[in-house]
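Reader: I should like to go through the aromatic contacts and the enclosed space of this model. Please justify each assignment as we proceed.

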Amino acid sequence: MNRVSPEQLEQTVDILTQVLDTIDVGVHIVNSHGETIMYNKKMTEIESMPPHEVLHKNLLDVFLFKEEQTSTLLQALHKGQHSYNIKQQYYNNKGFPITAVNDTHPLKDKNGEIIGAFELSKDITRLEVLMKDQLHKSDQTRYTFSKIIGQSEAISQIIHEAKRATRTSSSVLLTGETGTGKEIFAQSIHNGSERAGGPFISQNCAALPDNLIEGILFGTKKGAFTGAVEHPGLFEQAEGGTLLLDEINSLNLPLQAKLLRAIQEKTIRRVGDTKDTPVDVRIISTMNEDPFEAVSNGRLRKDLFYRLGVVSLYIPPLKDRYGDIPLLVEHFLAKFNKRFQMQVDWISADVLELFEQYEWPGNVRELEHVIESAMNIMSTERQMELYHLPMHIRRRFTAQTEPTEGEAEHVSEPKETFLHKPLKEHLAEVENYYIKQALTVHKGNISQAAKALGISRQNLQYRLKKITLSEEEL
């Protein structure tokens, strides 16, 4: 058997490299250790990486993959997986986003042992940017003030204030607990303003590492460093429209200083550039903590807070939106009835009472998830009952409503005379009695009777459907 000399091997590799450099498909080959051994010219263009920064280096030392993703090359290497036309999004070592469609396969020796893996890539980064621009102008601006559900005084007041903010292009700071709908308000302000025809672009500032966010916000200059490309940032992409910066207090302080300068000067400077570019962008930012607390604890610059909060709006938590829960329940039932092809008409009085007494730490988003969860375990039932609800909701509600040790001492023992009827039937009789008494005292005024009973007007109306009242009682 003829052996291949080192010179012949080197010549073969050179020939293979020349061939691979002529094709319009990216080729990336790694050895059994995940180190790059072949990286063609097209791949350097796709990933904006010169060969010497990739060759003979471990894949994970050069590229950053999102938490929910893993490299298809590593999947092929460690699991022997073949993949076809897989869209993958990741970042190079300069923080630039890459989007490619890959075919990936393991490499095996004659004994079937995996000795490496290779990937064939097609660049769709530019197409992806155009698609995102269209999404920002359509799907991401689907909310308007008319779609905000609620009639309570708390939500009506904040809607009124937010509508007034549509008249100018001043910066808006939206604060409130998680799940209260801050982005819905941001989109509504954009759609109600003169900028509605421009782009609406949002970025969660906590979703990306510090070394990536600057380039994403302000863009990059071609030639600023090895592999750098001309790339507009979100400020430039949002030109003439609105840029929403979610969780603004998660930005590091040096980057907050650069953001402050951009807002004050209405100009941005791309990473690696020496000239400023004027921008016309309205900034809306959000926080899920008290901004004054964030300032005092050093998480938010005071001068940036004043610049961002020209208009400051506090979105109320669900527990402060008295009377809105039945409206939200009706909306979410209709939504999931359509999605799951079900016919759930309403919720029981017990469920409504729980919903109105529960603290809702996750606010409207939590209410939506609870209803979706309950409907997932329902079958043909037309009414949602307590036992349909997630266990953690029932437990937390029980903990909220349990009597204290002192109160428990004053709870009288049940008398034996009560035991001739089932508990549910007896409680129904007591409930009906108190409802009739409240209506009699308040001369049939449902709102006043509900207030006296400590329940909402909607709750009382629901309970009235189950009992019969005489004309005298009304």
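Reader: Which residues do ring pairs link into a cluster?

Author: The model is a predicted one. A search of the whole structure finds 8 aromatic pairs. Ring pairs join three residues into a cluster, namely F63, F65 and Y90.

Reader: What lines the largest cavity, and how do the lining residues divide into nonpolar, polar and charged?

Author: The search of the whole structure gives 1 cavity of 30 Å³ or more, and the volume of the largest cavity is about 60 Å³. Its lining consists of H28, E47, L59, F63, F65, S71, L73, Q88, Y90 and E119. The clustered residues F63, F65 and Y90 are thus among the lining residues. By class, the lining comprises 5 nonpolar, 3 polar and 2 charged residues.

Reader: Is the pair of F292 and F305 stacked or edge-to-face?

Author: F292 lies in helix 11 (residues 291-296) and F305 in helix 12 (residues 302-308), 13 residues apart. The ring centres of F292 and F305 are 5.2 Å apart. Their planes meet at 75°, and planes over 60 degrees apart count as edge-to-face, so the pair of F292 and F305 is edge-to-face.

Reader: Does F336 count as buried or exposed, and which category holds for F340?

Author: F336 and F340 form a stacked pair, with 5.6 Å centre to centre and 20° between the planes. Because they are 4 residues apart in helix 13 (residues 325-340), about one helical turn separates them. Buried requires under 20% relative accessible area; F336, at 0%, therefore counts as buried, whereas F340, at 27%, counts as partly exposed.

Key
Residues numbered from 1 in each chain as written. Predicted model: local features only at pLDDT ≥ 70, side-chain atom pairs only at ≥ 80, totals over all residues. Heavy atoms only, no water. 1 Å grid on protein atoms, 1.4 Å probe; cavity = no way out; pocket = protein on both sides within 12 Å on 5 of 7 lines; lining within 4 Å. Points joined across faces, edges and corners; volume = space filled by probe spheres on them. Nonpolar A, V, L, I, M, F, W, Y, C, P; charged D, E, K, R; others polar. Phe/Tyr/Trp six-rings, centres within 6.5 Å; stacked < 30°, edge-to-face > 60°. Helix = DSSP H or I, 4+ residues; strand = E, 2+ residues; numbered from the N terminus. Buried < 20%, exposed > 50% of the residue type's maximum accessible area, 1.4 Å probe, protein only.
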